[in-house]
Amino acid sequence: MQIYLPIAEVSVNAFLLLGLGGLVGILSGMFGVGGGFLMTPLLFFIGIPPAVAVATEANQIVASSFSGVLAHFRRKTVDLRMGTVLLIGGLAGAALGVVVFNYLKSLGQVDLLVKLCYVVFLGIIGAMMFIESLNAIRNTRSGRAPKRKKHNWIHGLPLKMRFRTSGLYISVIPPLIVGVLVGILAAIMGVGGGFIMVPAMIYLLGMPTKVVVGTSLFQIIFVTAFTTMLHATTNYTVDVALAVLLLIGGVVGAQVGTRIGTRLPAEQLRILLAVMVLAVCFKLALDLLIMPSELYSIGTGGGH
Amino acid sequence: MLRLLLLLCLAALPLRAEEVVLGLSADEVAITATFDGSELLVFGAVKREAPIADEPLEVIVTIAGPSVPLTVRRKEKKLGIWVNTDAVDVKEAPSFYAVATTGPLKEVLAQIEDLRHRISIPKAIRLVGASPHVKSPQSFSEAVIRIRKKNRSYQLLEGAVALDQQTLFRTSIQLPSNLTEGDYATRIFLTRRGYVVSQFETTIDVRKVGVERWLFNLSRQQPMIYGLMSLAIAIAAGWGAAAAFQMLRRG
């Protein structure tokens, strides 16, 4: 069944969009990532104009994250206090990121920078998580107890706060900095930032994997809602018909994904996410290295 | 004075000797929510007072979508990776362009007439003067044609116009599903030995209707409300799915 999208001005198959939404929704519920870094390239591929794809994707992530976070709330695996601290940093970072993005746009080559950003960050994060989870799995197999969290310099910082759900007593400064950095990157790369946030929470803040997913979803809702409003009022590129089709599949997928996620051991969950992140990174790197079949591309007029 | 006027009328007469009477299957294309392309039937007759001339008559039909400026970029390998380097602005390129003819375009249309009426696809695109350091700017407009021909936005349909007894003609043009809104200029040219002997112009109105129209207007006129509505739908759907799954688990 073909549906004509009023803002994107293209006609697409409704079932294809439902399927895509469902697939990305499952991943979103399982790993606590919004799924924007997967969905946006997929939407480009089926012919949605890039500006509309990025903006509408933000709206769809609001839905799937909200659906996912409700399931986590019921399971009490959302650290509201940590989520709020990260969100404050995240919103500040996103605002800063938009300024950086516009500055880079005036220099040209912003597309290349976004792609390089993706390749570098996805590569580093994916490889780190992959090696770490592999070690963790090997350790549990050989019967050694996992190492207790180290007492490092992070614990020496002032403004300590107790995060009961995460079982942490640390300074608010590291989560705030993580929030700001992820916010900047999210604005530049046009995604919710879950795939950076999740590893940062696990490895930098030392939060338990189970809590990380729900908390990440919680803060993604607000960041992407903010982005949706920004796009809707400045660029008029949010296509509500496209969003509805994607989010019907997305919310159902998120519910399924959350249930799969709670059944899998934390290490396996992390290794799956690592593999996925590395696969996307590999694909993007190939695009940059291999000669494209069409050297020319058509963009909207007025400045470049 | 009257004589002069009469003379002018007489001089203008050969141009008017053959006239197009046109019919269209629709002079309005409504883009609804389930719009999936549309077939446009263009048909008509040649009205003439004089007997049919010896040289065969040829018919050319063109349909052009609204023109928008574009920026075309070319990739080059720099430091091992493919990056956009040169860019050329295209002043005007129709979002849709179809040319249907009774025979090969080269035979039914002289070069000079193509220049004057901008009939062939390459003539429909106007480049802005590219900066001098850009190599072969012409290749950029060729790229636009190549890319758009591939997704059926530009169509050259040689021999697609059927002409009976040098009087009745008809053709059908497939409008793609990724149609943009606007006035689609439709032109009919009658040619003899490559020269245009008569032309006729009309427009086809392509408009979004119903829900499509309403959503589009809302997004432009009330972006704040539109954005909040999108968010409300997202939140409601998210909540709905969570509640439904909760019920499923209990029940």
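**A tour of chains A and B**

Begin with Arg162(A), which is exposed because no more than 10 other C-beta atoms lie within 10 Å, and 12 or fewer is the limit for that class. The model on the screen is a predicted one. Arg162(A) sits in strand β3 of chain A, residues 160-163. Now add Val172(A) to the selection: it is 10 residues from Arg162(A) along the chain, and the two C-alpha atoms are separated by 9.3 Å.

**Spans in chain A**

Stay in chain A and select the spans that an unreviewed UniProt entry lists as "transmembrane region": residues 12-39, 85-104, 110-131, 176-204, 211-230, 236-257 and 269-290. Two of them can be examined here. How much of residues 236-257 of chain A is helix? The span is 82% helix and 0% strand, with its end C-alpha atoms 32 Å apart. Go on to residues 269-290 of chain A, where the chain is 95% helix and 0% strand. The end C-alpha atoms of residues 269-290 are 32 Å apart.

**Where the chains touch**

Show both chains and select the residues in contact: 50 residues come from chain B and 48 residues from chain A. On the chain B side, colour β5 (67-78), β6 (81-94), α5 (138-150), α6 (210-221) and α7 (223-250), the elements that each give two or more residues to the side touching chain A. Which of these elements gives the most? It is α7(B), with 16 residues. Coloured by class, the side of chain B that touches chain A shows 30 nonpolar, 12 polar and 8 charged residues.

Keep chain B and select residues 224-245. UniProt, in an unreviewed entry, lists this span as "transmembrane region". Residues 224-245 of chain B are 100% helix and 0% strand, and their end C-alpha atoms lie 32 Å apart.

**Two domains in chain B**

Give separate colours to domain 1 (15-208) and domain 2 (209-251) of chain B. Their centres, taken over C-alpha atoms, are separated by 40 Å. The contact between these domains takes 6 residues from domain 1 of chain B and 6 residues from domain 2 of chain B. To find the domain 1 side, select β2 (28-31) and β13 (195-208) of chain B, the elements that give two or more residues to it. That side of domain 1 divides into 3 nonpolar, 1 polar and 2 charged residues.

**The six-stranded sheet**

From β2 and β13 of chain B, extend the selection to the open sheet of 6 strands, in the order β2-β13-β12-β4-β7-β9 of chain B, with mixed pairing. Which strands are at its edges? They are β2 and β9 of chain B, each of which pairs on one side only. From one strand to the next, the twist averages 15°.

Inside this sheet, pick β4 (residues 57-64) and β7 (residues 97-101) of chain B. These strands run antiparallel and are joined by 5 bridges. For a particular pair, select Ile63(B) and its bridge partner in β7(B), Ala98(B).

**The four-stranded sheet**

Next, select the other open sheet to visit in chain B, which has 4 strands in the order β1-β3-β11-β10 and antiparallel pairing. Its edge strands are β1 (18-24) and β10 of chain B, each pairing on one side only. Neighbouring strands of this sheet are turned by 20° against each other on average, direction ignored.

Zoom in on β10(B) and β11(B), which run antiparallel and are joined by 3 bridges. Here Leu163(B) stands opposite Phe169(B) in β11(B).

**Two loop residues with positive phi**

Follow β10 (162-164) of chain B into the loop that leads to β11 (168-175), and select Gln166(B) there. Gln166(B) is not a glycine, yet its phi is positive, at about 55°. Most residues other than glycine have a negative phi. Is Gln166(B) buried or partly exposed? It counts as partly exposed because it has 17 C-beta neighbours inside 10 Å, whereas a buried residue needs 20 or more.

Finish at Arg152(B), in the loop between α5 and β9 (154-157) of chain B. Phi of Arg152(B) is near 65°, again a positive value in a residue other than glycine. Arg152(B) is partly exposed because 15 other C-beta atoms lie within 10 Å.

Definitions and conventions. Residues are numbered from 1 along each chain as its sequence is written. Chains are lettered from A and ligands numbered from 1 in the order in which they are written. This is a predicted model: local features need pLDDT of at least 70, side-chain atom pairs count only at pLDDT 80 or more; totals for chains, interfaces and linings use all residues. Two residues are in contact if their C-beta atoms, placed from the backbone, lie within 7 Å. Ala, Val, Leu, Ile, Met, Phe, Trp, Tyr, Cys and Pro count as nonpolar, Asp, Glu, Lys and Arg as charged, and the others, Gly among them, as polar. UniProt positions are given in the numbering used here, feature names are shortened, and annotations may be inferred rather than shown by experiment. Domain bounds come from an automatic or database domain assignment. Two strands pair if DSSP finds at least two bridges between them. Axes are lines fitted to C-alpha atoms, for helices over the stretch in contact, and angles run from 0 to 180 degrees between N-to-C directions.
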